[in-house]
Amino acid sequence: MAANKRIVLLVHGWSVRNTDTYGGLPERLKLENRRNPELELDVRQIWLSEYISFHNEVTIPDIARAFQAALERELGDALKSWQRFACITHSTGGSVIRAWLHHYYISVGERKPPLRHLIMLAHAN
């Protein structure tokens, strides 16, 4: 992945059983990138699939930690070099991102998060 690409992460809510949540959005973003290469998009999906979220033992902070681990796996060097990314969430994915921001950045108060833009679709408030 080139350092100058704009990373766009699609984060699925929990209890999602497949990656169809966003419909044609991932392919549309990729198509627009092919039509207009200056966009330089790197579209990726983070799917912390099939969480056992109907049990009280699994909490949003637990899933936020799992998101951090998934970010480290998915973005690796880009994350280490503080390359920023945009994030589009669906449903409870928004709650996961808010908990992640709070735990890793806001409560620490020492550094800016790598998250540049956040779009929450059908967020469960």
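**Exercise 1.** Determine what span helix H4 (residues 93-106) should have in this predicted model, and compare that span with the separation of its end C-alpha atoms.

*Solution.* Step 1: H4 holds 14 residues, and the rise is 1.5 Å a residue. Step 2: the expected span counts 1.5 Å times one less than the number of residues, which gives 20 Å for H4. Step 3: the end C-alpha atoms of H4 lie 18 Å apart, which agrees with the expected value.

**Exercise 2.** Establish whether H4 is mostly covered or mostly open, and identify the elements against which its buried residues pack.

*Solution.* Step 1: a residue is taken as buried when its relative accessible area is under 20%. Step 2: by this criterion 10 of the 14 residues of H4 are buried, so the helix is mostly covered. Step 3: the buried residues include Gly93, Gly94 and Ser95, and among them are also Trp100, Leu101, Tyr104 and Tyr105. Step 4: the buried residues of H4 pack against strands S1, S3 and S4 and against helix H2 (60-75).

**Exercise 3.** Trace the pairing of strands S1, S2, S3 and S4, naming a residue pair for each pairing.

*Solution.* Step 1: S1 is joined to S2 (residues 41-46) by six bridges, and the two strands run parallel; Val11 is placed opposite Ile46 in S2. Step 2: S1 also pairs with S3 in the parallel sense, over five bridges. Here Leu10 faces Ile88 in S3, and Leu9 has Cys87 of S3 as its bridge partner. Step 3: S3 in turn is connected to S4 by six bridges, again in the parallel sense. Cys87 is bridged to Leu118 in S4.

**Exercise 4.** Decide whether S1 and S3 are largely covered or open.

*Solution.* Step 1: in S1, five of the six residues are buried, and the strand is mostly covered. Step 2: in S3, five of the six residues are buried, so this strand is largely enclosed by the rest of the structure.

**Exercise 5.** Describe the largest pocket by its volume and its lining.

*Solution.* Step 1: the volume of the largest pocket is about 240 Å³. Step 2: its lining consists of 16 residues, and Arg6, Ile7, Val8, Ala86 and His117 lie nearest the centre. Step 3: the elements giving two or more residues to this lining are S1 (6-11), S3 (85-90) and S4 (115-121). Step 4: S3 provides the largest share, four residues. Step 5: sorted by class, the lining has nine nonpolar, three polar and four charged residues.

Note on methods. Residues numbered from 1 in each chain as written. Predicted model: local features only at pLDDT ≥ 70, side-chain atom pairs only at ≥ 80, totals over all residues. Heavy atoms only, no water. 1 Å grid on protein atoms, 1.4 Å probe; cavity = no way out; pocket = protein on both sides within 12 Å on 5 of 7 lines; lining within 4 Å. Points joined across faces, edges and corners; volume = space filled by probe spheres on them. Nonpolar A, V, L, I, M, F, W, Y, C, P; charged D, E, K, R; others polar. Buried < 20%, exposed > 50% of the residue type's maximum accessible area, 1.4 Å probe, protein only. Contact = heavy atoms within 4.5 Å. Pairing = 2+ DSSP bridges.
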